[in-house]
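Please read this note with the model open beside it. It covers one chain in some detail and a contact with a second chain.

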Amino acid sequence: MTLLVAGALGFLGLAALCLSLGRHHQALWPNPPTRRRAIGLRVAGWALIALSLGAALHIDGGVFGPVHWLGSLIGADLLLVVTLSYRPRALVWMAALAVAITLGAALA
Amino acid sequence: MKQGFRQSMAWLHTWSGLVVGWVLFAVFVTGTATYYRTEITRWMQPELHREAAIGPEALARSADLAVAHLTAHAGEARSWFVGLPTPERPLVELFWRTRPGTPPGHVLLDPRTGAPAAMRETRGGDLLYRFHFELHLPPLWGRWIVGICAMVMLVALVSGIVTHRRIFSDFFTLRRDKAAQRGWLDAHNVSGVLALPFHLMITYTGVVTLAIMYMPWGVTAAYKGDQAAYFAETGQITQPRPAAGQPGTLAPVGPMVVRALATIPEPLERLVVANPRDANSTVVAVFEEPHGLSHEHPQVAFAGTSGEVVEVLSGGLRPAAKTFTTMVGLHEAHFAGPALRILFFLCGLMGCALVGSGLVLWTVARLPKAGAAAGLGWRLVHTLNLGTIAGLPAGIAAYLLANRLLPADLAGRSAREVQAFFAVWLLVAVAGAWPAPRRAWRGALAAVAGLFVAAALADLVLARGLWDDPAWFLGFDAALLAVAAGFALISHKVDRFRAPGRARRQAAVPAGTAEMERA
């Protein structure tokens, strides 16, 4: 459960950070990001990663929370890198799925 | 030395990584496999049938049967270890030590009858677990070598971080369309940086696990070198009771087991009997760890002749000891449920990829020019790379395959399995030394894939009738096939890859990369 929620939030955060970089932004959009857009993506990225840590701590407490958070973040990042490398367009629906998982968990 | 700090760190990273890389690769692979040690053991003993539950009376009875067996067959031993049956592994596993320097005795018993269990003899996942920190050498040698390599790994990790200038932008980048060197560097960076928290944690806690052995001076000074006294005083083991030198009779252990089970709410794991024939014998009941990060086994110690409780050890560690046991716990990850265990396993695989790609990168960055013969050093590194990176997985696959192919009642069976492991490893390493590098890699990796497929097929064909839970065995075989597919894919990639022109590539290496690779 924690792994899924923290992983989904972490995936969104890492994806935002990664899209703030010119090379990866161009995998989805024709141009490199504008300065404002890059900063916006970075702020959103770090905020989402902080949120995923918050979620893990909230669900699992201070002992297992950080362990689950780091584990899920590494897993999410591995998934992101492989996706970017082989099927960058799949990011769109994977991000949507991650949002759905997070919302589902928040409402449940 | 006119070089800057970063260049000297790059030099340190390259050479510290190279000299210990082969041992580290083996340590990472066997350590990663050890996350599934009990599963590997279970697969290698398909005769075993799990049980729903084992009650206190059944446990007490099997403990009595175990002691009866040990009294008859290992009466002279200094200490007995009785692994008690669990629903997952309903067997009594006995070890005994007679004197230092002789290998311990070992037998598996049926927990109901006390007769030797009708089961193929194998070391199972324990071979890989032991190899992870002893390399199949005498324990002291193996532990020192692994420890020194792990310390150098820390050096390589930190110098690697310092060398890496664009950690943030390289974090997400895996370029597959560029030159081989670029691709290998990306793979090395990504596997290293993504799982960096894991790599730092696992290497550091790995060294800490054996820290008392590597740095014994504190214990030597404070306890006159008596490590048992140190462990007892910090609350990690029960107080040792020295032998009286008078003969004594061990009281029945069944009632002790019942009493211990009533004291501690965790599952009972094993009994340790010290000086079983002495008037001052001790029986220690060791329980599984309660759920938590820390590696702490609750224990109840009994006076062996009277059966009285002499000590109960359950939690209550002071901060320093707690720090130590938490680090050991993090390293072993016994707390991890199925999903987290998969993540730990993936991180372990990334560690293997980190070390393996680093080793390959050394040779790729120093490829001899077209037409020129490779130097002796390059050939040596290439041969050791192939012998380790393809040889060890081939050995593991052969170990699993031998488990299914050797007759179940063969004398010295478990030793033969280990021989198959090392023979195939050596064979791949030697056979890989002769062909041209690319052909050698392609062939060796394809052979690894073939061996893993063969192990899965041998299980399907030869052991299907023995499975107690077909879905579980099919799942394990599917995992073997997935490993095989991974190796087949890499073999295919090696075969298909066409490097861009060598001369053009050298001229076009960006400054940042050249700095890392030339160092």
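The points below run from overall shape to single residues.

1. Basis. This is a predicted model, in which local features need pLDDT of at least 70 and side-chain atom pairs count only at pLDDT 80 or more, while totals for chains, interfaces and linings use all residues. Residues are numbered from 1 along each chain as its sequence is written, and chains are lettered from A and ligands numbered from 1 in the order in which they are written.

2. Overall shape of chain B. The C-alpha trace of chain B spans about 85 × 55 × 40 Å along its principal axes. The radius of gyration of chain B is 26 Å, which agrees with the value near 24 Å for a compact globule of 519 residues. That radius is taken over C-alpha atoms, and the globule rule is 2.2 Å times the number of residues to the power 0.38.

3. Content and burial. Chain B has 21 helices and seven strands; these are DSSP runs numbered from the N terminus (helices: H or I, at least four residues; strands: E, at least two). Of the 519 residues in chain B, 38% are buried. A residue is buried if 20 or more other C-beta atoms lie within 10 Å of its own, exposed if 12 or fewer, and partly exposed in between, with C-beta atoms placed from the backbone.

4. Contacts and domains. Among contacts in chain B between residues at least 6 apart in sequence, 70% join residues at least 24 apart; a contact here means that the C-beta atoms, placed from the backbone, lie within 7 Å. Domain 1 of chain B is given as 5-45 + 130-194 + 333-518 and domain 2 as 51-118 + 237-316. These bounds come from an automatic or database domain assignment. The C-alpha centres of the two domains of chain B lie 39 Å apart.

5. Contact with chain A. Chain A and chain B each bring 16 residues to the contact. On the side of chain A, α1 (2-19) and α3 (35-86) each supply at least two residues. The most come from α3(A), with twelve residues. By type, the chain A side divides into ten nonpolar, five polar and one charged. Nonpolar covers Ala, Val, Leu, Ile, Met, Phe, Trp, Tyr, Cys and Pro; charged covers Asp, Glu, Lys and Arg; the others, Gly among them, are polar.

6. The sheet. Seven strands of chain B form an open antiparallel sheet in the order β3-β2-β1-β4-β5-β6-β7, where two strands pair if DSSP finds at least two bridges between them. Its edges are β3 (105-109) and β7 (309-313) of chain B, each pairing on one side only. From one strand to the next, the twist averages 15°. Axes are lines fitted to C-alpha atoms, for helices over the stretch in contact, and angles run from 0 to 180 degrees between N-to-C directions.

7. Strand pairs. In chain B, β1 (residues 79-83) and β2 (residues 92-97) are joined antiparallel by five bridges, with W80(B) partnered by W96(B) in β2(B). The antiparallel pair β5(B) and β6(B) also has five bridges, and V283(B) is matched there with F302(B) in β6(B). Between β6(B) and β7(B) there are four bridges, one partner of A301(B) being E311(B) in β7(B). Four of the five residues of β6(B) are buried. The hairpin of β6(B) and β7(B) has five residues between the strands, and G307(B) takes a positive phi near 80° in it.

8. Helices on the sheet. Helix α3 (residues 56-73) of chain B touches β1, β2, β3 and β4 (268-274), its direction making about 35° with that of β2(B). Helix α12 (residues 254-263) of chain B lies across β4, β5 (282-287), β6 (299-303) and β7, at about 40° to β5(B).

9. Where does G348(B) sit? G348(B) is in helix α14 (residues 338-365) of chain B. G348(B) counts as buried because it has 23 C-beta neighbours inside 10 Å. Outside its neighbours within four places in sequence, G348(B) contacts F28(B), G31(B), T32(B) and Y35(B). T32(B) is 316 residues away along the chain, yet the two C-alpha atoms are separated by 5.0 Å.

10. Positive phi outside glycine. L135(B), not a glycine, has a positive phi of about 55° and lies in the loop between α4 (125-134) and α5 (139-163) of chain B. With 19 other C-beta atoms within 10 Å, L135(B) is partly exposed. N275(B), also not a glycine, has a positive phi of about 50° and lies in the loop between β4 and β5 of chain B. N275(B) counts as buried, with 21 C-beta neighbours inside 10 Å.

How values were computed:
Two residues are in contact if their C-beta atoms, placed from the backbone, lie within 7 Å.
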